[in-house]
Structures are given as C-alpha cells and as structure tokens.
Amino acid sequence: MSEPKEKPKLKNRTIDEMFKKIRESESPESQNETPKVSNQIPETDENEETVVMDESQTDLGEAVTATSDLTPSTCSSSSDFTLSLSSKYEPPYPDIAKLSDIDDLIKQKLLSTKWNDSHLFKFPSRVFGQKQRKLQSSWLQNHPWMRYSVSTDALYCAYCVLFSSKDSKEKSFSKTPVSDWKNLPLIVKRHESSTQHQGCVVSSSEYLRIMENKSSQLPV
C-alpha cells in the first residue's frame, strides 16, 4: 500500500519542477536580456544613417562653396541665393558708371580686362512693349568695346568714355549709357560706324601699346 503513494508524489514533484523552469524563463531578468539584444540593432542603423547624412551634407557644402562661396547666414531665401550667385560672376573691371577719377590703372583694366564669365551672370529683365527683355551675354563677347554697368544695368563704350572729346555730338555709350535691349542692334551698328568711335578705338590701341612698353622697361 505504501508504494502506490510514492508514485503520485514523484509525479507531482516533476510537474512542479517543470512549472518552476517556465517561471524562471519568464522572470524579469531573462526578459531584460532580450531588449538589450534588440536595442543594439537600431543603434547600429542610426549610426549608419548618420554617416550617410554627413557625407551628403559634405558634398552639398562643397558644391555651394565651389559655386557661390555662400553660407546660411548670408542667404535668408532662395532669391538671396540667386542674387549672391550672380554677384559671383560680376564684371572683373570697375563699374564704369561710378567712376569719377580715372587713373592709368583703371584705364588699363577697363580697356584690357575681359569678362569671360558674362554668360553665367543673371542679367535683370525689363518690359519693352509687351515682352520681357534683358541683355544677352553674346553682345559682350562679340563687341569687345562694350562694358556693362551693374549699377545702371546699361552698356558703355570703354573706348569712347576714355578718349572721346567733351564736345562730341555722339553721346551714346559714353555720356548716355544704352539699355534699350529691343533696339540694341540698330544702336550698336550706328555707334560702330561713327567717326568718333573709330577714332577712339585707335586711341585705345595706342594707349595700351605705350603702357605695355613702359611696363616692359621697368627694372625687374
């Protein structure tokens, strides 16, 4: 009679051990280990995203610096960015409309400096009739005597400004800047055929030749 009683005790003890193991597996300590492993995965992903963002930001920063030398503090809007970008490519010679005292250095710059980046400059447009018009950079490339004034958005003739007589009747491109983009072809043709302009072209060439000879004779 004693042996049958022993067997249920053994069975109940085995069941108790099984439940104990299950409770241990569900204990807070075992639960805390799982989140530790899961937290490591997003941490790695975040670091990878940061690296990618840093690289893209570096590339963007280099591109902006290469083209416009701008910083966020200098540009508050897209329009500011455009204006600053265009100012990067302003004429390399002095603004002829603002000159009061012209010395030999300024004369040489006005006569010999070429504006190679004029096609990158954002010329302002104005309404002529019913159309928006602006100066085309091709005019500056095809007519080396032209000088563009940023302050007046107008064209001057460097040769005539520097060497025309004060009592000259031809005042276009010298005393009177030209900004009539609609009739520009006609005005340019008339100016280039004028006796005054042709004489100033000769005077400019002679002036540059003399200045070059002077500079070559200076001691090194």
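Here is a short exchange about the aromatic pairs and the core of this predicted model.

Me: What makes the pair of Phe123 and Tyr148 edge-to-face?
Reply: Happy to walk through this one. The ring centres of Phe123 and Tyr148 lie 5.0 Å apart, and a pair needs centres within 6.5 Å. Their planes stand at 80 degrees; over 60 counts as edge-to-face, so that is the class of this pair.

Me: Where in the chain do Phe123 and Tyr148 sit?
Reply: Phe123 is in the loop between H4 and strand E1 (126–128), while Tyr148 is in strand E3, 25 residues apart.

Me: Why is Tyr148 called buried?
Reply: Buried means under 20% relative accessible area. Tyr148 has 2% relative accessibility, so the label fits. Phe123, at 6%, counts as buried too.

Me: How do you know the class of the pair formed by Trp145 and Phe173?
Reply: The same kind of check works here. With centres 5.0 Å apart and planes at 85 degrees, Trp145 and Phe173 are edge-to-face. Trp145 lies in the loop between helix H5 (137–142) and E3, and Phe173 in the loop between H6 and H7, so the pair ties together parts that are 28 residues apart in sequence.

Me: What makes Arg147 count as lying over the face of Tyr93?
Reply: Arg147 is at 5.3 Å from the ring centre of Tyr93, and the distance limit is 6 Å. The angle limit is 35 degrees from the ring normal, and Arg147 does count as lying over the face.

Me: Which residues touch the most other members of the largest nonpolar core?
Reply: Among its 30 residues, they are Leu135, Leu140, Tyr148, Leu155, Phe173 and Leu184. H6 gives the most to this core, with 4 residues.

Terms used:
Residues are numbered from 1 along each chain as its sequence is written. This is a predicted model: local features need pLDDT of at least 70, side-chain atom pairs count only at pLDDT 80 or more; totals for chains, interfaces and linings use all residues. Side-chain values use heavy atoms; hydrogens and water are left out. A nonpolar core is a set of buried Ala, Val, Leu, Ile, Met, Phe, Trp, Tyr and Cys residues joined through side-chain atoms within 4.5 Å. Buried means under 20% relative accessible area, exposed over 50%, partly exposed in between (1.4 Å probe, protein chains only). Helices (H or I, at least four residues) and strands (E, at least two) are DSSP runs, numbered from the N terminus. Rings of Phe, Tyr and Trp (its six-membered ring) pair if their centres lie within 6.5 Å; planes under 30 degrees apart count as stacked, over 60 as edge-to-face and the rest as tilted.
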